[in-house]
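Visitor: Before we go through the sequence and the model together, could you take my questions one by one and reason each of them through to a name or a value?

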Amino acid sequence: MKTIDLALLGFGNVGKAFARLLTAKKQELQEHFGFNPRITAIATGSHGVCLDPSGVDDQYLLNLLDSEEPLELSVLDKMAFKGDMFDFIRQAPAQVLVETTPVNPRSGLPALDYLRAAAIRGLHLITANKGPVVYGFRELTELTKEHGRLFRFESTVMDGAPIFSLFRGPLAGAKLHGFYGILNSCTNLLLDRMRGGETLEQAVAYGVSIGITETDPSNDVDGWDAAIKVAVLSNVLMGQNLTPMDVKPTGIRGITPEMIASAESQGKRWKLVCQGGWQDGHFHVSVKPEMVGPNSPLYTVDGTSSYVNFALDVLPGLGILETDPSPNTTAFGLLADLIDIVKSETR
Ligand SMILES: NC(=O)c1ccc[n+]([C@@H]2O[C@H](COP(=O)([O-])OP(=O)(O)OC[C@H]3O[C@@H](n4cnc5c(N)ncnc54)[C@H](OP(=O)(O)O)[C@@H]3O)[C@@H](O)[C@H]2O)c1
């Protein structure tokens, strides 16, 4: 049985959910995909670092996660680790780096530098972080390719829903003309809760409490998370070279209770609508709140759901709806990437 050793850089909502999912699916991965995943290294910003070449004990790790005590990972360290994140990347006894640190929509740093260092070391890369994808998609793809490795990032747009793998696989022969949708599930939930009478601040506090907001919730509210996803889709699927700043997002901060009531009275709802695509020979992108009526597929996308509709030359409208996202669904995107990487080694 092949063993795949993983270094987790970032161990917050998503990193922890991934560790739980790996443990829950371990037997299935062994039986159906012929590999045994082991977490051999974990690094956080302020909860310690651990390295263990024989793999951290799954049950011990789960017990730590379930404990009421603040997490301190150094109790699992078997290599007396000292150093910074780059030392961690150099020393981690792993074949794959799974990066889940917070997004930086303005530069992708420091995650982009972490992933560069790991690619140069010859590791496969998996990230849930949109920053390094939007600022480093081509570079990281080339760097990993030079070492016969892969760069995967399925969970950066719509969590665990298959988007990038769909275009690499079943949609490989189709040409994408454009897309639209609701790509930020957090603001969709906030707008729903504001429709129910909450203020923006109350709605944000709820979003934070269920772990659905970005580490800095203003990245959601001001449209940056949506803008970065629009840029990621445009760059990866449509050959563009955009930054989130090029998208010039308008978030939901300006939506007032009066505007919500007015939309209701017209039988409409406010949605933060994302778009990208070719029009009259130019590539256009936007993120802005729009009132949509019951005829739009966006009207019934409620709560934390998200939706994307692709216009392809061969399929005029292909919609993908994801309901009930959470760190667990994001963790599944990471797992799907891992399975893809393991399969690539036997192709
Ligand atoms: N939450 C979701 O459902 C979701 C969905 C899709 C994509 N994502 C993306 O997934 C990533 C992680 O999200 P999350 O919700 O897990 O975030 P989170 O709970 O804030 O966890 C971030 C982790 O990264 C660590 N960290 C922060 N700054 C660091 C640095 N400079 N160097 C090394 N480690 C650092 C933190 O350390 P401490 O433990 O010390 O704080 C923490 O362990 C983000 O990029 C996010 O955009 C999240």
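Visitor: Which residues does Q95 touch, not counting residues up to four places away in sequence?
Guide: In this predicted model, Q95 has its place in the loop between α3 (85–91) and β4 (96–99). Leaving aside residues up to four places away in sequence, the residues that Q95 touches are I4, D5, L123 and H124.

Visitor: Does Q95 count as buried, exposed or partly exposed?
Guide: A residue is buried if 20 or more other C-beta atoms lie within 10 Å of its own, and exposed if 12 or fewer do. Q95 has 18 C-beta neighbours inside 10 Å, and therefore counts as partly exposed.

Visitor: What distance separates the C-alpha atoms of Q95 and F164?
Guide: Along the chain, Q95 and F164 are 69 residues apart. In space, the separation of their C-alpha atoms is 22 Å.

Visitor: Where is L21 placed, and what separates its C-alpha atom from that of N328?
Guide: L21 belongs to helix α1, and with 19 C-beta neighbours inside 10 Å it counts as partly exposed. Not counting residues up to four places away in sequence, L21 touches N328, A331, F332 and L335. Although L21 and N328 are 307 residues apart along the chain, their C-alpha atoms are separated by 7.6 Å.

Visitor: Which strands stand at the edges of the sheet of 6 strands?
Guide: The 6 strands form an open sheet with mixed pairing, in the order β3-β2-β1-β4-β5-β6. Two of the strands have a single partner strand each, so one side of each is left without a neighbour in the sheet; these edge strands are β3 (49–51) and β6 (151–152).

Visitor: Which residue of β6 stands opposite I126, and what angle does the direction of α13 make with that of β5?
Guide: Strand β5 (residues 124–127) pairs with β6 in the parallel sense over 2 bridges, and the residue of β6 opposite I126 is R152. On this sheet packs α5, which touches β5 and β6 and whose direction makes about 165 degrees with that of β5. Helix α13 also packs on the sheet, touching β1 (2–9), β2 (35–43), β4, β5 and β6, and its direction makes an angle with that of β5 of about 160 degrees.

Visitor: What is the average twist from one strand to the next in the sheet of 5 strands?
Guide: This open sheet has the order β9-β8-β7-β10-β11, with antiparallel pairing. Its edge strands, β9 (282–292) and β11 (318–322), each have a single partner strand, so one side of each is left without a neighbour in the sheet. From one strand to the next, the twist averages 15 degrees.

Visitor: How many residues of β7 are buried, and how many bridges join β7 to β8?
Guide: β7 is mostly covered, with 5 of its 7 residues buried. It pairs with β10 in the antiparallel sense over 6 bridges, and L176 stands opposite L312 in β10. Towards β8, the bridge partner of Y180 is Q275, and the number of bridges that join the antiparallel strands β7 and β8 is 4.

Visitor: Which helix gives the largest share of the side of domain 1 that touches domain 2?
Guide: The domain assignment gives domain 1 (2–160 + 328–344) and domain 2 (176–323), with 28 Å between their centres, taken over C-alpha atoms. In the contact between them, 12 residues of domain 1 meet 19 residues of domain 2. The residues on the domain 1 side divide into 8 nonpolar, 2 polar and 2 charged, and the largest share, 4 residues, comes from helix α5.

Visitor: Why does the shell around the ligand lie between the domains, and which element gives the most to it?
Guide: Domain 1 and domain 2 both give residues to this shell, so it lies between them. Of the 27 residues around the ligand, G10, G12, G45, S46 and N129 come nearest, while the elements that give two or more residues are α1 (13–33) and α13 (327–344). The shell divides into 9 nonpolar, 15 polar and 3 charged residues, and the element that gives the most, with 3 residues, is α1.

Notes
Residues are numbered from 1 along each chain as its sequence is written. This is a predicted model: local features need pLDDT of at least 70, side-chain atom pairs count only at pLDDT 80 or more; totals for chains, interfaces and linings use all residues. A residue is near a molecule or strand if its C-beta atom, placed from the backbone, lies within 6 Å of it. Ala, Val, Leu, Ile, Met, Phe, Trp, Tyr, Cys and Pro count as nonpolar, Asp, Glu, Lys and Arg as charged, and the others, Gly among them, as polar. Domain bounds come from an automatic or database domain assignment. Two residues are in contact if their C-beta atoms, placed from the backbone, lie within 7 Å. Two strands pair if DSSP finds at least two bridges between them. Axes are lines fitted to C-alpha atoms, for helices over the stretch in contact, and angles run from 0 to 180 degrees between N-to-C directions.
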